[in-house]
Amino acid sequence: MCLGIPGQVIGLVEGYGGQLALVDVAGVRRKINIGLLDEGPLPPGSWVLIHMGFALERVDAAGAEQAMSGLELMGRPREQGGPA
């Protein structure tokens with residue numbers, strides 16, 4: 001697993017060749033590039049790890065929690081609305 005910020009997919013952004021997704025990151029919606037993922041379709045509710053605006057890895061809810069816990073260990077406090 002890479003170190004990144006976990007985000008939950010809300011849906012794909014129209015256009016852009018299916019390369020952009022709208023993702024909830026700790027309660028904030030952001031557009032991220034999903035073009036580096038090779039695992040096929042990215043349905044709403046999927047979790048990804050994000051670095052510099054790119055989804056680098058698909059994870060499950062437990063992996064998202066583990067990533068958030070790692071960020072907390074480095075001093076980044078959990079924002080309200082993040083993975084529980």
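**A patch, two cores and two positive phi values**

Q: What makes Leu36, Met52, Phe54 and Leu56 a nonpolar patch on the surface?
A: Together these four have about 420 Å² of accessible area, computed by the Shrake-Rupley method with a 1.4 Å probe, where for residues only the protein chains shown count as cover. A patch takes residues with over 30% relative accessible area and no salt bridge (a Lys or Arg side-chain nitrogen within 4 Å of an Asp or Glu carboxyl oxygen). Nonpolar side chains (Val, Leu, Ile, Met, Phe, Trp, Tyr) are joined within 5 Å, like charges within 9 Å.

A word on ground rules: this is a predicted model, where local features need pLDDT of at least 70, side-chain atom pairs count only at pLDDT 80 or more, and totals for chains, interfaces and linings use all residues. Numbering starts from 1 along each chain as its sequence is written, and side-chain values use heavy atoms, leaving out hydrogens and water.

Q: Why is Phe54 called partly exposed?
A: Buried means under 20% relative accessible area and exposed means over 50%, with partly exposed in between (1.4 Å probe, protein chains only). Phe54 has 36%, so partly exposed it is. Its home is strand 5 (residues 54-59); strands are DSSP E runs of at least two residues, helices H or I runs of at least four, numbered from the N terminus.

Q: How do you know that Tyr16 is exposed?
A: Its relative accessible area is 56%, so it clears the bar for exposed. Tyr16 is in the loop between strand 1 (5-12) and strand 2, and has a positive phi of about 60° despite not being a glycine. Most residues other than glycine have a negative phi.

Q: What makes Ala26 count as buried?
A: Ala26 comes in at 9% relative accessibility, so it falls in the buried class. This residue sits in the loop between strand 2 and strand 3 (28-33), and its phi is positive too, near 50°.

Q: Why is the set that includes Val9, Ile34 and Leu42 called a nonpolar core?
A: A nonpolar core is a set of buried Ala, Val, Leu, Ile, Met, Phe, Trp, Tyr and Cys residues joined through side-chain atoms within 4.5 Å. The largest one here has 11 residues, among them Val9, Ile34, Leu37 and Leu42. Strand 2 (20-25) and strand 4 (47-51) each supply at least two of them, with strand 2 giving the largest share, three residues. Another core, of five residues including Trp47 and Val59, lies apart from it.

Q: What is Leu37 in contact with, leaving aside neighbours within four places in sequence?
A: Contact means heavy atoms within 4.5 Å, and Leu37 has Leu42, Val48, Ala55, Leu56, Glu57 and Arg58.
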